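Dear colleague,

Here is the structure I said I would pass on. My notes on helix packing and salt bridges follow below it.

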Amino acid sequence: MKKIKFGMMATVLSLSLALSACSGGGGGSGGETAEKKPDDTAKKPAAAAINPAGQLPITNEKSTVKILVKGAASVEDFATNEFTKWLEQKTNVHIDWEVAPEKSATEKLNLVLSSGDYPDVIMGFGVSPTQMMIYGSQGVFLPLNDLIEKYGVEIKKMFAASAFYKDLITAPDGKIYALPQVNECYHCMYKQRMWVYKPWLDKLGLNMPTTTDEFADMLKAFKTRDPNGNGKADEIPLSGSIQAAASYLFETQMLDSFLMNAFTYDHGDKKLYLENGKVTVPYNKPEWKEGLKYIHKLYADGLIDPQALTQDNNQLKKLGENPDTVILGASSGHNMGSLTTLGSTSGRWKDYVAVPPLKGPSGFRTAAYHPYVVANGQYIITKNAKNPEVAFRLADFLFNSPDTTLHWYAGREGTEWRYAEKTEIGINGKPAIWKQLTPWGGVQNVNWGQTGPNYRSNDFRLGEAQNPEQPLEVMLYTQTKERMEPYQMPIEKVMPPVFFTAEQASEVADLEKTILDHVKEMMARFIIGDSDIDKNWDAYLKNLDNMNLKRYLELYQQAYDVGFKKK
């Protein structure tokens, strides 16, 4: 990954409580335990003596850390998990788990924070920056700066490799209240892509489209020339969904996600971007109107599945995996798994390929760029921690790479993974570091399902040995490198994550929901023709003004200025 130079950045991304990696998401529980009420009369046991930074075990005498963790659907039981056992053997630290089921994780976290019965550690929740500021200022969340300075070994290596990561997890008051998970997923940085069924292109003798006009012509050919060869007009040229497969996908299956980048900067779910350091949005500009008119024309010509504006991701996948014959020509999405089932027996996911960013009528085109790969709020030490030093050193060891990372991510050495042989080549064409021996995903009890703090560098991820039987990562890397990166959105236009005060966060939340709900509603109405865009565009803009879009942008500008310009 190209290093990003911004100077000091005391900002942090307000993430969803659900943390998902590029290949899957979490849900369910990993073995819920009964809640324990606080016992103010109980005496805290003496803290175990801790060994010097970097030395294992962390304590010579067995010590215990109580962790409240957000459950993961892929983890059978954190307590009996093979990685948990390996971690305890290495560190001599036993983890007393309390697992919050994913569906009720928010309620559980809020209950714990309001009760005062805090565990030693809160892990995997993606605690929001606003909560960090509130509970950090109250002393509930311990600042970690001194612990990092005294005991940080692995995390300092990460900061040395990419200094801006430290800035991204530092609050405006200069304190670090949580440790992150950093996943330098190269192809995830260009997640707004369009996938087309290449066998149809080949059968119809079509080239990969490069402009919006060529894309429309391709869809017309899909609709009228019977590319699946069954003699029926059952082909769906273009579809999508209104629901992302996971929170980190930024609604990449929505119709505008890829197509609008032929007209303007349509960057993520909030659609914020920068113009000469000023926070702005595309959806009140003439270019947005022109993009909507283009998509409306596709819809009016019967080239867009009407269900694309209402269906969820599972319904979209059913189209991609239609059992009788292929009927779906194209859809936007993070990867082929947005519209098909990765690893399915149909094998269709291998036949959908990425379309390069399209050039619009004015010559504009861009690939939306998401370089901020820091998921903060993953590991918080509370004021009730009996031995904060042990709790911190345990987290620091989780940043160790590649050995700890491989056990944390994949499982057991020699069973789920092994170190690469000298002759093996990585995804990026360089000498490989490691090789996956079994497919990742599904319910298992050998790793933590990507839960908690960790650092997966670009070199580590792309250092996975190429495996013809599991070609997904190579396919995503190659198509991203060749088709998306050359048109990357300028980094100076990418809106970085910002850190709001509690007052700002409350105001932004109200404004954001109102404004974005209106944008999505009118986008759908303009596309299907329920509202005439030429007649009603001015009224749409006036509604945005009445919803106080100006104040909304002012709040983001204030947060941006504090985090960037004044540092």
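**Salt bridges and one helix pair**

E554 is partly exposed, its relative accessible area being 33%. The model is a predicted one, and E554 is a convenient place to start because its side chain takes part in a salt bridge with R551, where the closest N and O atoms are 3.6 Å apart. R551 is partly exposed as well, with a relative accessible area of 22%. Both residues belong to helix α18 (residues 549-565); they are 3 residues apart, so about one helical turn separates them.

In total the structure holds 20 salt bridges. I describe some others here.

D517 and K513 form a salt bridge with an N to O distance of 2.7 Å. This pair also sits within one helix, α16, at a spacing of 4 residues, about one turn. D517 has 37% relative accessibility and counts as partly exposed. K513 has a relative accessible area of 55%, and because the cut-off for exposed is over 50%, K513 is classed as exposed.

E88 and K62 make a salt bridge in which the closest N and O atoms are 2.8 Å apart. Here the link is between distant parts of the chain: E88 lies in helix α1 (residues 82-91), while K62 lies in the segment before β1 (63-70), and the two are 26 residues apart. Both partners are partly exposed, E88 with a relative accessible area of 22% and K62 with 44%.

There is also a network of salt bridges, which links D256, D266 and K271.

Helix α16, which carries the D517 and K513 pair, also packs against another helix. Its partner is α10 (residues 286-300), and α16 itself spans residues 502-528. The angle between the two is about 45°, and their axes are 7 Å apart. Angles of 35 to 65 degrees fall between roughly parallel and roughly perpendicular, so α10 and α16 are oblique to each other. Their crossing is right-handed.

On the α10 side the contact is made by W288, L292, I295, H296 and Y299. On the α16 side these meet V519, M523, F526, I527 and I528. By class, the contact residues comprise 9 nonpolar and 1 polar, with no charged residue. H296 is the polar one, because His is not on the nonpolar or charged lists.

Which part of this would you like to look at first?

Regards

Terms used. Residues are numbered from 1 along each chain as its sequence is written. This is a predicted model: local features need pLDDT of at least 70, side-chain atom pairs count only at pLDDT 80 or more; totals for chains, interfaces and linings use all residues. Side-chain values use heavy atoms; hydrogens and water are left out. Axes are lines fitted to C-alpha atoms, for helices over the stretch in contact, and angles run from 0 to 180 degrees between N-to-C directions. Angles under 35 degrees count as roughly parallel, over 145 as roughly antiparallel, 65 to 115 as roughly perpendicular and the rest as oblique. A crossing is left-handed if the near helix is turned anticlockwise from the far one by less than a right angle, and right-handed if clockwise. Contact means heavy atoms within 4.5 Å. A salt bridge is a side-chain nitrogen of Lys or Arg within 4 Å of a carboxyl oxygen of Asp or Glu. Buried means under 20% relative accessible area, exposed over 50%, partly exposed in between (1.4 Å probe, protein chains only).
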